[in-house]
Structure formats: C-alpha cells, structure tokens
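Reader: I am new to this structure and would like a close look at one part of it, the salt bridges, with whatever surrounds them. Please take it step by step.

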Amino acid sequence: MTSASASPILKSSHLLGIEGISAPEVTALLDLAETYAALNRGANKKVALLKGRTLVNLFFEASTRTQSSFELAGKRMGADVLNMSVKTSSVSKGETLIDTAATLNAMRPDILVVRHHDSGAAELLSRKLDCSVVNAGDGQHEHPTQALLDALTIRRRRGSFNGLTVAICGDILHSRVARSNIRLLSLMGARVRLIAPGTLLPAQADRFGVEVFTDMRAGLAGVDIVMMLRLQLERMTGAFVPSTREYFRFYGLDREKLSFAKPGALVMHPGPMNRGVEIASDIADDMEVSLIAEQVEMGVAIRMAVLDALSRGMK
Ligand code: NCD
C-alpha cells in the first residue's frame with residue numbers, strides 16, 4: 001500500500017484545490033510541466049516514474065478533456081490506469097461516495113483522480129482513502145489542474161504574470177474553473193477582472209479581491225487575456241439568462257467586443273464550448289488569438305507534472 005507523504009514539490013500528498021498552495025509550489029509545478037510539454041512533443045513520450053503504480057480515474061460527471069488527459073498522463077508515466085465512470089442516478093450521493101471509497105481502497109490505488117458534482121467530495125475522499133487524491137472538479141468549488149494548465153499556457157505566451165490583467169467572463173457563479181483561476185492568478189501577481197451579468201456573479205464577488213464588471217466592453221478595456229467560460233445550463237435551476245441569443249448579444253465574445261481589449265490580447269476557454277453562446281466561432285478558431293488548443297496540450301503536461309510531484313512523496 002502507498003503511504004503518501006509530502007513530496008519536495010507539493011507540501012500536501014493531495015491536490016484538492018489551489019487554496020492552500022503557495023506561489024513557489026505553483027512555480028515548481030509549472031517548471032516541471034515545461035519538461036513534460038517538451039517530452040510530449042517528441043517521439044518517445046514515456047517515462048517510467050509511475051511504473052507499478054495504479055491510477056484510478058473516478059468520474060461522477062461527464063468529461064472529455066480532463067479525463068482523457070489524466071488517462072494519457074498516467075499511461076505516459078507508466079502507471080496502470082483504471083477509468084471508472086459512475087452513474088449516480090438511483091443512489092444517494094453520500095452513500096455512493098463512502099461506499100465507493102471503501103471499494104476503491106481495497107483495490108489499493110496509488111492515486112485517485114476524482115470529479116464529482118458536490119463541492120468538497122475530493123476532500124472527503126482524501127480523508128477516507130490511503131492514496132493521493134487529485135481533485136478533477138468538485139461541484140462549483142475548485143478545479144485546480146485546469147487553473148494550473150491555464151497558468152502554464154499564459155506563462156509560455158507572456159513570460160510571467162506580473163503586470164498582466166486577465167478578464168474571466170461569463171458564468172462565474174457556477175464555475176469551479178473561475179474559482180481556481182481567481183485564486184491562482186491573484187497568487188501569482190496577475191490582476192483579475194470578473195465580467196458577468198449580475199445573475200451569474202457570486203454574492204459578494206468583490207470579496208475575492210478582484211474588479212467586477214457587468215458590462216463586457218468596460219470590463220475588457222485594456223486586458224491582456226480574455227478567459228471565456230461555458231454557460232453551465234445544467235447547473236441552472238432558475239432563469240439566469242433571458243435566452244442564449246440575448247446572452248450572446250451582451251456577453252458573447254465577438255470581434256467587436258474583443259476590440260476593446262489590449263491589441264494582441266489572447267483568448268482562452270476551458271471547453272467544452274457553446275459556440276455562438278459565449279464565444280463566436282471565428283474567434284475560437286482563429287489561431288492568432290485563440291489559445292484553446294494549446295490549453296488542451298498543456299493539460300496533459302500539467303497532469304504529468306502533478307502525478308510526478310505526488311509520486312515523489314510516495315513510499
Ligand atoms: C470545465 C469543468 O468541467 O469544470 N471543463 C473542463 O474541465 N475542461 C468547465 C465546464 O464544464 O464548463
């Protein structure tokens with residue numbers, strides 16, 4: 001059995017969120033990920049660091065990018081990877097999670113990657129299991145590897161975070177990506193702006209130490225990076241927006257609105273995208289401004305770096 005302890009890169013034996021991580025830890029992870037980004041562009045993409053280890057991907061919510069990149073990351077590092085997609089329809093959430101934790105523990109995994117619709121699910125599992133736990137998205141709470149891959153993508157293009165202004169736009173209320181990114185970008189010295197209709201802003205959004213705008217053109221003025229978020233219709237219980245057409249008119253990123261950002265500003269989106277709802281197709285597909293494909297590429301590198309960092313603390 002793995003008894004996980006602190007590694008020289010990460011103080012914790014888990015990655016549950018950006019909260020609690022220090023700037024030097026982030027820098028060390030990004031530096032390590034650079035080596036994997038280079039490895040991934042070569043012909044031999046494999047290292048043997050996780051040989052003999054077992055990585056379990058436990059996804060209670062649908063995922064394309066995150067799950068496949070953790071799978072690829074684990075395989076490229078030599079681990080045995082088990083993908084478990086869980087249907088939760090008839091079982092109550094609490095029971096499922098605790099029961100699943102006991103079953104998983106008996107399989108003696110070394111690393112568990114978990115995505116769950118409840119905030120705090122990854123943390124709960126980390127207390128019940130003996131292995132390292134990585135949060136791949138818990139409810140509206142955190143999605144740390146997404147924020148890390150976004151940071152790596154930005155740093156590769158802009159060199160550092162100091163002096164950068166990043167606008168996070170759209171459905172901030174329902175977004176764990178936004179919460180992790182706000183924390184990470186602020187920690188690394190970037191200025192963060194939130195732009196959203198009032199109905200999609202968390203209560204007391206200004207408490208995050210960010211500037212808040214409800215007008216796209218005003219919020220985008222002079223920004224270096226525009227990070228668009230998916231309108232998370234599946235998380236909406238009431239009428240948060242009048243219609244998706246109306247939403248695009250006021251909050252969808254098109255050329256005209258983008259023209260208010262700094263010349264040369266770059267556009268990001270964690271995916272999956274709703275084209276024509278939060279972002280115009282011609283911007284998403286414009287390789288001069290869109291970093292979306294690079295974000296996916298850096299996703300694999302970041303996940304390899306996280307697995308590497310956690311494995312260094314393992315017995
Ligand atoms: C995000 C997620 O699942 O939180 N997607 C992702 O991980 N690439 C964002 C989203 O679902 O909109």
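Reader: To start, is Glu 297 buried, exposed or partly exposed?

Author: The model is a predicted one. In it, Glu 297 has a relative accessibility of 28%, so this residue counts as partly exposed; the buried class would need a value under 20%. Glu 297 forms a salt bridge with Arg 41, and the closest N and O atoms of the two are 2.7 Å apart. This pair links distant parts of the chain: Glu 297 belongs to helix α11 (residues 292–311), while Arg 41 sits in the loop between α1 and β1 (54–59), and 256 residues separate them. Arg 41 is exposed, because its relative accessible area is 54% and the exposed class begins over 50%.

The count of salt bridges comes to 20. Another of them joins Arg 156 to Glu 34, with the closest N and O atoms 2.7 Å apart. Here too the link is between distant parts of the chain: Arg 156 is in helix α5 (residues 144–158) and Glu 34 in helix α1 (residues 23–40), 122 residues apart. Arg 156 has a relative accessible area of 29%, so Arg 156 is partly exposed. Glu 34, at 24% relative accessibility, is likewise classed as partly exposed.

A third pair to look at is Arg 275 and Asp 285, a salt bridge whose closest N and O atoms are 3.0 Å apart. Arg 275 lies in the loop between β9 (266–268) and α10 (281–284), and Asp 285 in the loop between α10 and α11, so this bridge ties together parts that are 10 residues apart in sequence. Both partners are partly exposed: Arg 275 has 41% relative accessibility, and Asp 285 has a relative accessible area of 46%. Salt bridges can also share partners, and in this way Glu 19, Glu 142 and Arg 183 are joined into one network.

Arg 183 leads on to its surroundings, helix α6 (residues 176–187). The 12 residues of α6 should span 16 Å at 1.5 Å a residue, and the end C-alpha atoms are 17 Å apart, which agrees. Nine of these 12 residues are buried, so α6 is largely enclosed by the rest of the structure. Among the buried residues are Arg 176, Val 177, Ala 178, Arg 179 and Ser 180. Asn 181, Ile 182, Leu 184 and Leu 185 are also buried. At the N-terminal end of α6, Ser 175 acts as a cap, with a side-chain oxygen 3.3 Å from the backbone nitrogen of Val 177. After α6 comes Gly 189, which has a positive phi, near 100 degrees.

Further along is strand β6 (residues 191–195), which runs parallel to β7 and is joined to it by three bridges. Within this pairing, Arg 193 stands opposite Glu 211 in β7. Both strands belong to an open sheet of five strands with parallel pairing, in the order β7-β6-β5-β8-β9. The edges are held by β7 (211–213) and β9; each has a single partner strand, so one side of each is left without a neighbour in the sheet. On average, neighbouring strands of this sheet are turned by 20 degrees against each other, direction ignored.

Conventions. Residues numbered from 1 in each chain as written. Predicted model: local features only at pLDDT ≥ 70, side-chain atom pairs only at ≥ 80, totals over all residues. Heavy atoms only, no water. Salt bridge = Lys/Arg side-chain N within 4 Å of Asp/Glu carboxyl O. Helix = DSSP H or I, 4+ residues; strand = E, 2+ residues; numbered from the N terminus. Buried < 20%, exposed > 50% of the residue type's maximum accessible area, 1.4 Å probe, protein only. Expected span 1.5 Å × (residues − 1). Polar contact = N/O pair within 3.5 Å; in protein donor to acceptor, adjacent residues only side chain to side chain. Pairing = 2+ DSSP bridges. Axes fitted to C-alpha atoms, helices over the stretch in contact; angles between N-to-C directions.
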